[in-house]
Amino acid sequence: MKSCISCTARWNIADPDLLSYDKDASSVDIVVVQRKVEMPSEQGFGFTELYRITSSAGGIFGDNKVQRAVRVQRRYRRAMDDAGNRIVEGLEIQKTYRVLDGIAGVEMPTSTTKSSIRFRRN
């Protein structure tokens with residue numbers, strides 16, 4: 001696997017929902033189009049974000065652009081481990097969808113990733 005030493009990322013505080021980067025003579029734009037925050041409660045807290053990713057199609061398609069939609073859902077809850085120490089458990093589900101003619105096919109994701117994380121103090 002080759003490292004990308006020559007990547008250039010751009011982000012502006014005036015437009016915080018847009019992140020762009022250039023890699024190997026092609027550009028990628030990641031835009032947050034929807035964000036929902038679940039405030040902390042006894043059951044936990046969470047975030048849901050919907051991203052639009054625009055990148056170069058590459059190969060024989062040249063400079064044509066490809067769009068994808070990605071929904072990321074994160075949920076955290078406070079708990080106690082077996083020794084009685086406080087921990088925070090997290091779950092993230094990321095689903096990627098095809099976008100054709102500006103419409104995301106949300107009924108059938110092209111990929112789904114599920115991750116879990118646990119924070120604890122030593």
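These exercises, with worked solutions, go through a predicted model. Local features need pLDDT of at least 70, side-chain atom pairs count only at pLDDT 80 or more, and totals for chains, interfaces and linings use all residues. Residues are numbered from 1 along each chain as its sequence is written, and side-chain values use heavy atoms, with hydrogens and water left out.

**Exercise 1. The core**

Task: State which residues make up the largest nonpolar core, and place V32 in the structure.

Solution:
Step 1. A nonpolar core is a set of buried Ala, Val, Leu, Ile, Met, Phe, Trp, Tyr and Cys residues joined through side-chain atoms within 4.5 Å. Buried means under 20% relative accessible area, exposed over 50%, and partly exposed in between (1.4 Å probe, protein chains only).
Step 2. Six residues form the largest such core: V28, V32, Y51, I53, V70 and V72. At least two of them come from each of β3 (26-41), β4 and β5. Strands (E, at least two residues) are DSSP runs, numbered from the N terminus.
Step 3. V32 belongs to strand β3. Its relative accessibility is 13%, so V32 counts as buried.
Step 4. Contact means heavy atoms within 4.5 Å. Residues up to four places away in sequence aside, V32 touches D17, L50 and Y51. From V32 to R71 the C-alpha distance is 9.8 Å, with their positions 39 residues apart in sequence.

**Exercise 2. The aromatic rings**

Task: Describe how F45, F47 and Y76 are linked by ring pairs.

Solution:
Step 1. Rings of Phe, Tyr and Trp (its six-membered ring) pair if their centres lie within 6.5 Å; planes under 30 degrees apart count as stacked, over 60 as edge-to-face and the rest as tilted. The structure has three aromatic pairs.
Step 2. F45 and Y76 are stacked, at 5.2 Å centre to centre and 25 degrees between the planes. F45 is in strand β4 and Y76 in strand β5, so this pair ties together parts 31 residues apart in sequence.
Step 3. Y76 is buried at 18% relative accessible area, while F45 is partly exposed at 23%.
Step 4. The ring centres of F47 and Y76 are 6.4 Å apart and the planes stand at 75 degrees, so this pair is edge-to-face. It links strand β4, which holds F47, to strand β5, which holds Y76, across 29 residues.
Step 5. F47 is partly exposed, with a relative accessible area of 32%. Ring pairs thus join F45, F47 and Y76 into a cluster.

**Exercise 3. A residue in β4**

Task: Is T54 buried or exposed, and which residues does T54 contact?

Solution:
Step 1. T54 lies in strand β4.
Step 2. The relative accessibility of T54 is 16%, so T54 counts as buried.
Step 3. With neighbours within four places in sequence left aside, T54 is in contact with S27, V28, D29, K65, V66 and Q67. V28 is also one of the residues of the largest nonpolar core.

Note on methods. Helix = DSSP H or I, 4+ residues; strand = E, 2+ residues; numbered from the N terminus.
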